[in-house]
Structures are given as C-alpha cells and as structure tokens.
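Student: I would like a close look at a single part of this model, the nonpolar interior and what surrounds it. Please take me through it in one connected answer, with the cut-offs stated as you go.

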Amino acid sequence: MATMKFLCDTKRCIECNGCVTACKNENDSALEWGIQRRRVVTINDGVPGEASISVACMHCTDAPCMAVCPANCFYQTEDGLTLHNKDTCIGCGYCLYACPFGAPQFPKKGAFGSRGKMDKCTFCAGGPEEDHSDAERQKYGSNRIAEGKLPMCAELCATKSLLAGDAEIISSIFRERVAYRGSKNAIWG
C-alpha cells in the first residue's frame, strides 16, 4: 500500500493561494468560520531569496498530535494519512501545541477559552463515517481519495508546485526537478 504525502516545491510556488481556495471550495460544508486547512506562507517577502510554501497537515508517520491526544481521536489509515474523529475530540488543544505545522485548528467562535471540535486537513480522505455519506461530508468534507482522486488543493495547483500522492512517486518527481535545475549537491539517491 502506498504512503500518501504532500510536498511543496518552493521554487514553483507563486503565492497565488489557488490551493487555499480549492480546499475551501471542496470542503465548504465541513469548515466552520475561522478554519483554514491550507495556507501559503512566504519567507523573506519582497527580498531576494523570497520563497513561498503551501502548508497544511503533513500526515506525519509519527504524528506528534496523535502522541499527545488524551482522547485518542487521531488514527492512521493504511495509506499513512493521519486523520481524526470529531466525535471523540474533547477540544483540549494539546494537538495544536504539539503540531510543528499548525495544522490542528479550532473554530473562532464562542466564549474565550472554549475551543470546540478540532479540525485539520484530511488529505481529502473524509473521516471515520461511511464513505460519501452526508455525515462524512458535513463533518470532514470531501472524500476524493475514495474516488481514486488526489486532494483538490494539489489537483488545482496552477504551477504544479504542490504535489500529493504516493510518497515514492512525488519524491521521484521532485528529485527530477532538482536535477533538471542543476542544483549542486541537492540530489540524493
């Protein structure tokens, strides 16, 4: 079975935010106000060496969010995706502090200190509900993986900087790009 991963080629990303819009449009029924599953971060904005990167949950193999969750709401699929169950989430926020990518997020409504149910990128793989059910769509958004498709953010990336899919395939595509660019000591075997 393939291990699914994201990879963003910073040399191609033009900060168009198409991936952000694609994610919001594909998962609109599941996103509460204030939740942004994908965002584009620019480093050294406006100066030589500027680089933009599309960031979301990286679906870590040894996910820190999963390690700290006292409610065990996180689980990993056979594809290596780190998903969550909103029904068991208690809103403690430990995952938010443990994740180095800022992927777990909480709705921006309610009284100070109340978090509600955590949300994060699902790699367009839905959730623990039955595939393509109304409950799955309302809680987790689109389930493109069950349809044999890639996440919408990567599918609609205009420059193909955001790659998603089998880790072996996307890393080989990236290695080819790096070799084509002629970066010294940047290719690995």
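Tutor: Contact here means heavy atoms within 4.5 Å. The model is a predicted one, in which local features need pLDDT of at least 70 and side-chain atom pairs count only at pLDDT 80 or more, while totals for chains, interfaces and linings use all residues. Residues are numbered from 1 along each chain as its sequence is written, and side-chain values use heavy atoms, with hydrogens and water left out.

With that cut-off, and leaving aside neighbours within four places in sequence, Leu81 is in contact with Met4, His59, Tyr75, Gln76, Thr122, Phe123 and Ala125. Leu81 belongs to the largest nonpolar core, a set of 22 residues in which Phe6, Cys19, Leu81, Phe123 and Leu162 touch the most other members. A nonpolar core is a set of buried Ala, Val, Leu, Ile, Met, Phe, Trp, Tyr and Cys residues joined through side-chain atoms within 4.5 Å, where buried means under 20% relative accessible area, exposed over 50%, and partly exposed in between (1.4 Å probe, protein chains only). Four elements, β1 (4-8), α1 (18-26), α5 (152-155) and β6 (162-166), each supply at least two residues of this core, and β1 gives the most, with 3 residues. Helices (H or I, at least four residues) and strands (E, at least two) are DSSP runs, numbered from the N terminus. Apart from this core lies another, of 9 residues, among them Ala63, Cys65, Cys73 and Met118.

The strand β1 deserves a closer look, since 4 of its 5 residues are buried and the strand is thus mostly covered. Its partner is β6, which runs antiparallel to β1 and is joined to it by 5 bridges; two strands pair if DSSP finds at least two bridges between them. Along this pairing, Met4 stands opposite Asp166 in β6, and Cys8 has Leu162 as its bridge partner. In β6, too, 4 of the 5 residues are buried, so this strand is largely enclosed by the rest of the structure.

From β1 the view passes to the aromatic rings. The structure holds 1 aromatic pair. The pair is formed by Phe6 and Phe123 and is tilted, at 4.5 Å centre to centre with 45° between the planes; rings of Phe, Tyr and Trp (its six-membered ring) pair if their centres lie within 6.5 Å, and planes under 30 degrees apart count as stacked, over 60 as edge-to-face and the rest as tilted. It links distant parts of the chain, with Phe6 in strand β1 and Phe123, 117 residues apart from it, in the loop between α3 (94-98) and α4 (134-140). Both Phe6 and Phe123 are buried. Arg38 lies over the face of Phe6, at 4.4 Å from the ring centre, and Lys86 lies over the face of Tyr140, at 5.8 Å from the ring centre. A charge sits over a ring if NZ of Lys or CZ of Arg is within 6 Å of the ring centre and within 35 degrees of the ring normal.

Lys86 leads on to Asp119, whose side chain makes a polar contact with the side chain of Lys86 at 2.8 Å and another with the side chain of Arg37 at 2.7 Å. A polar contact is a pair of N or O atoms within 3.5 Å; within protein, one must be able to donate a hydrogen and the other to accept it, and residues adjacent in sequence count only if both atoms are side-chain atoms. Asp119 lies in the loop between α3 and α4 and is buried, because its relative accessible area is 2%. Not counting residues up to four places away in sequence, Asp119 touches Ala30, Leu31, Ile35, Arg37, His84, Lys86, Ala103, Pro104, Gln105 and Lys139.

The loop between α3 and α4 also holds His132, which has a positive phi of about 65° although it is not a glycine. Unlike the buried Asp119, His132 is partly exposed, at a relative accessible area of 46%. Glu15, in the loop between β1 and α1, likewise has a positive phi, near 60°, in a residue other than glycine, and Glu15 counts as partly exposed at 33% relative accessibility.

A last polar residue is Ser171 in helix α6 (residues 167-181), where a polar atom of the Ser171 side chain lies 2.9 Å from the backbone oxygen of Ala167. Ser171 is buried, with a relative accessible area of 17%.
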